[in-house]
Amino acid sequence: MTLALNLDRKAQAAAVVHSHGVPHRRIEEWKYSDLKAALGERGLGAVMAEWLVGNLPAGVEMFDLAQPHPPAWVMAHIARPTQNVMSAASLALSAGGVAFRVPKNSAIAAPLKLDFTGAGHVRALLVLEEGAALTLVEGVGPVDFRNVGFEIVLGAYSSLEHVRISPNAADAILVEEVSLHIAKGGKYRGHFAGFGSKLARMELEIALEGEGAEAHLSGVAVLDGKRHSDVTTHVIHRHGNTNSTQLFKHVAAGHARAIYQGKVTVAKGADGSDSSQTAKALLLGDQSEADLKPELEIFADDVKCAHGAAVGDLDAESLFYLRARGIPESQARGLLLQAFLEDAIAEIANIDQRELVRTELLTALKVIA
Amino acid sequence: MLEIKNLHVAVEGKEILKGLSLSIQPGEVHAIMGPNGSGKSTLSYVLAGRDGYDITEGSVTYNGENLAALPPEERAAKGVFLAMQYPVEIPGVTTMTFLKTALNSQRRARGESDLDAVGVLKLVRAKAKSLNVSEEMLKRALNVGFSGGEKKRLEILQMAIFEPKLAILDETDSGLDIDALRLVAEGVNALRSPARAMLVITHYQRLLDYIVPDRIHVLANGRIVAEGGKELALELEAKGYEHIVKEPA
């Protein structure tokens, strides 16, 4: 890429990939998502995946990372050093991707729609300058294997809502790492709806770097058959008086497997930080599985950190109540499943996107209820 | 309308009802009274079709049909309604959505067409007013954060909307103060009709001051041990269950 100018970083990334190899289940963070086994002989490959922007909203600047002469804002933010193997792989093994910039104090009304397609590795960068606001709608095209390395930089008092829907794709291996840096007063809202793949993993590393920075994550998954969905988050409160919330609701039927691993770190000196984590899963089949792993690491004082996880089945009493009022069993189950997911869906502020996610969930629930 | 003959019901292998017989005709209001643990709630659940209540002997016939063979939703569509002692809270489903879904499910099962949102709203509003169920309650999640009185009023509102043929009221008076009790009882009385039968299950005689039954059955240890007119309630109130239960049935 561009990365002609960034050969150092590329070489560093290649070294990380080389020393760690393809992640597998004996590595703690990949325990429930054995990428090496799923990929088999094909390995990581070195193909460039593609990206598509339907309609670039006015006021958003875009740069194709495969082109020469990147502007200064790209060079300032792209390819920060990482120890994340797959993020490093997307840098080391790809020459393509896309970068966006929303200039200072620009509030963009129309959502930016970014689709990733094709097999291989791809990079993306999104920079919101001070006071900028944007809605990012990320589309995930099903393909045998794709790895996306996404960097997001939120300037002071900027605000981003990010909605990502990962489709039901039985044979796909879809991996993505988002690395976010949020400056003082910056706000990130991320929503992740997943319908499962052979292996689907969404990984977020979020650094709250200035006073009042906020990250609010929510997600829903409805999985059937042998689908897999893994959301792995690491929120780092680097600065005091920062706030993070997480709410994930997963439903697994058949032989499906829903995973949530969420780590919150409150760094030394980040006093007065506030974080909450809730992950719940409903298992509808004897062979369905949910792995929920909330984790806390606190090195500061006067912090509020709450976390909870619960796995269960539909409430028999609620089901009987609905049926006793005339609602047929499968419809009653669907209603209860929708109700279970509802508070996570309600976290999506953008109404069009919220309704879109709700519609897709209802369709998926009809199949498994 | 309802014919219960020598009914034996077991829950988790333990026999709770031990040969209960009862017959109710359209237009009649019957009361079942009994001490805690006598099998009152078991009777209401077995009539509504809850899982885990196994009929080991005897029969329940509703309008000539074997009730036990029907799943709960079909019983509801055929006009059986159970006002529950503890209505469940369902976060994430608004009361209005629930009412609309339930009403149209019952209509569909009877081969009637769906009522649209406006039609349902009109119907619900018309019935809600007299039961003091506010618009705000209808917008809230089903029973979530409702007081005891609000929950019971919503049960009776459902009865008014669904217009069942056989209504079973399980401890509808429990947890209500006297004003709430009066409001609920008035709602029930307004639904008395020559075509509708009611079975009022209660521990206390208090409710029967307001909903006056045609016949009272006393349930103890899974059997009817005494029967009589409305005056039986007063006798129970004065002498207690022990007095009647201990007499040879």
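This is a short tour of a predicted model, beginning with chain A as a whole and ending at a hairpin in chain B.

**Stop 1: chain A, whole chain**

Select chain A and show it as a cartoon. Seven helices and 18 strands make up its secondary structure. Its radius of gyration is 20 Å, close to the 21 Å that the globule rule gives for 369 residues, so chain A is as compact as a globular protein of that length. Aligned on the principal axes, the C-alpha atoms of chain A occupy a box of roughly 70 × 50 × 40 Å.

Now colour chain A by contacts or by burial. Of the 369 residues, 57% are buried. Taking contacts in chain A between residues at least 6 apart in sequence, 85% link residues at least 24 apart.

Switch to a surface. Chain A exposes about 14300 Å², and 51% of that area comes from carbon and sulfur atoms. For the charges, select the side chains by sign: chain A carries 35 positive and 44 negative ones. The centres of these two sets are 2 Å apart.

**Stop 2: A:Val60**

Next, select A:Val60. This residue sits in the loop that runs between β1 (50-53) and β2 (61-64) of chain A. Is A:Val60 buried or exposed? A:Val60 has a relative accessible area of 7%, which is under the 20% limit, so it counts as buried.

To see what surrounds A:Val60, leave out residues up to four places away in sequence and show its contacts: A:Phe100, A:Arg101, A:Val102, A:Ile108 and A:Leu134. Then add A:Arg42 to the selection and draw a distance. A:Arg42 is 18 residues from A:Val60 along the chain, and their C-alpha atoms are 37 Å apart.

**Stop 3: chain B, strands β1 and β4**

Move to chain B and select residues 2-11 and 53-62. These are strands β1 and β4 of chain B, which run antiparallel and are joined by eight bridges. Which residue of β4(B) is the bridge partner of B:Ile4? Show B:Val60 as sticks; that is the partner. Keep the chain letter in the selection here, as A:Val60 was the residue in the chain A loop.

**Stop 4: chain B, the β4-β5 hairpin**

Extend the selection to residues 65-66 of chain B, which form strand β5. Strands β4(B) and β5(B) pair antiparallel, with two bridges between them. Across this pairing, B:Tyr62 stands opposite B:Glu65 of β5(B).

The hairpin has two residues between its strands. Finish on B:Asn63, whose phi is positive, near 50 degrees.

How values were computed. Residues are numbered from 1 along each chain as its sequence is written. Chains are lettered from A and ligands numbered from 1 in the order in which they are written. This is a predicted model: local features need pLDDT of at least 70, side-chain atom pairs count only at pLDDT 80 or more; totals for chains, interfaces and linings use all residues. Side-chain values use heavy atoms; hydrogens and water are left out. Two strands pair if DSSP finds at least two bridges between them. Helices (H or I, at least four residues) and strands (E, at least two) are DSSP runs, numbered from the N terminus. The radius of gyration is taken over C-alpha atoms; the globule rule is 2.2 Å times the number of residues to the power 0.38. Buried means under 20% relative accessible area, exposed over 50%, partly exposed in between (1.4 Å probe, protein chains only). Contact means heavy atoms within 4.5 Å. Accessible areas come from the Shrake-Rupley method with a 1.4 Å probe; for residues, only the protein chains shown count as cover. Lys and Arg count as positive and Asp and Glu as negative; His and the chain ends are not counted. The place of a charge is taken as NZ of Lys, CZ of Arg, CG of Asp or CD of Glu.
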